[in-house]
Amino acid sequence: MSDEQNNDPAAAKPGNNDKSWEQNLISRIALEALNEQRRSRRWGIFFKSLLALYLFALLLLYLPSDWTLKPVTGKGYTVLIEIDGIISSDARASADNVVTGLRKAFEDDRTRGIILRINSPGGSPVQAGYIHDEVMRLRGENPDIPVFAVITDTCASGGYYIAVAADEIYANRASIVGSIGVVYSGFGFVDALDKMGVERRILTAGDEKALMDPFSPLENEAVDHLQTMLDDIHQQFIDIVKKGRGDRLQDDERLFSGLIWTGEQGLALGLVDELGSASYVAREVIGAEEIVDYTVRENYFDRFARRMGSALATELMEMSYKLR
């Protein structure tokens, strides 16, 4: 054996390089395992947080948009229910929404009085009738809880039909009140079809099934029949107003002509009891200045779904236009 071999420490310990490599590999594997555990913990925390946020978002979506914690004071408060917009079964001011809020208000032991704050040009006489009748029924069962109608911008037609169910009606001097009447409107396209050379084809089972068809000539019998219906509904409206307002109405034949009036004019005619806002009625009339809103509103989930549906419809229309 040469001197060089005797002086070489690696040669003296032949397995050193292999052991060093193994130790380094084991260290790297252990370190990588430790890092993997840390990453797993981080991802676990991330996904748990994401799940918590998701569940919280679902909770918010299913809560009504007007959800609040009701006060726990024993003083009592004034309940506010909004009747805003067209009165229709598929609108915010539907009978289902308004009646639901009304029933909850009457069931609440802390309710000292109820304000129907109305801003509506009218709408369905059936929906307005449902609300009117339920107000009258609940008032009869709960005589200690007064109901006041407060008019903001407009309270016409079906809106006023509801208002007369209240104990008293308040308005602003510039509010629009009245329109005690019934209207039916449509269009006729008979001459237009003739000029365009278009032939109208319609089959019916029942002689009057196509009553008031806009593409057919107007018939006197159809007009007389519809006028009878309108007169009947108008008389129902008049009877409701007279029953609700009683001797407060002035003897003026124009009241039921379909005309509209300002709040100040309505006060003189007996359509309105006094000028005042919702806060005035709560503070000065009911005596419970704190107001709690019991209006049934669209929840966040329904609103989101409706907006998504509208956005999707718009997108489909744009795609259809681009494909043409």
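Trp43, Phe46, Phe47 and Leu50 together make up a nonpolar patch on the surface of this predicted model, and their combined accessible area is about 440 Å². Elsewhere in the chain, strand S2 (residues 111-120) has 7 of its 10 residues buried, so this strand is largely enclosed by the rest of the structure. The points below take the surface patch and then the strands with their connections.

**The surface patch**

- Tryptophan 43, one of the residues of the nonpolar patch, belongs to helix H3, which covers residues 16-62.
- With a relative accessible area of 49%, tryptophan 43 counts as partly exposed, because the exposed class begins over 50%.

**Strands S1 and S2**

- Strand S1 (residues 77-84) and S2 run parallel and are joined by 8 bridges, and within this pairing tyrosine 77 stands opposite threonine 111 of S2.
- Between S1 and S2 the chain passes through helix H4 (residues 95-107), and the β-α-β crossover formed in this way is right-handed.

**Strands S2 and S3**

- S2 also pairs with strand S3 (residues 147-156), again in the parallel sense, over 6 bridges, and isoleucine 115 has phenylalanine 148 in S3 as its bridge partner.
- From S2 the chain continues through helix H5 (residues 125-141) to S3, in a β-α-β crossover that is right-handed.

**S2 in its setting**

- S2 is thus a strand that pairs with S1 through 8 bridges and with S3 through 6 bridges, while 7 of its 10 residues are buried.

Technical notes:
Residues are numbered from 1 along each chain as its sequence is written. This is a predicted model: local features need pLDDT of at least 70, side-chain atom pairs count only at pLDDT 80 or more; totals for chains, interfaces and linings use all residues. Side-chain values use heavy atoms; hydrogens and water are left out. Buried means under 20% relative accessible area, exposed over 50%, partly exposed in between (1.4 Å probe, protein chains only). Helices (H or I, at least four residues) and strands (E, at least two) are DSSP runs, numbered from the N terminus. Two strands pair if DSSP finds at least two bridges between them. A crossover is right-handed if, with the strands pointing away from the viewer, the path from the first strand over the helix to the second runs clockwise. Patches are made of residues with over 30% relative accessible area and no salt bridge: like charges are joined within 9 Å, nonpolar side chains (Val, Leu, Ile, Met, Phe, Trp, Tyr) within 5 Å. Accessible areas come from the Shrake-Rupley method with a 1.4 Å probe; for residues, only the protein chains shown count as cover. A salt bridge is a side-chain nitrogen of Lys or Arg within 4 Å of a carboxyl oxygen of Asp or Glu.
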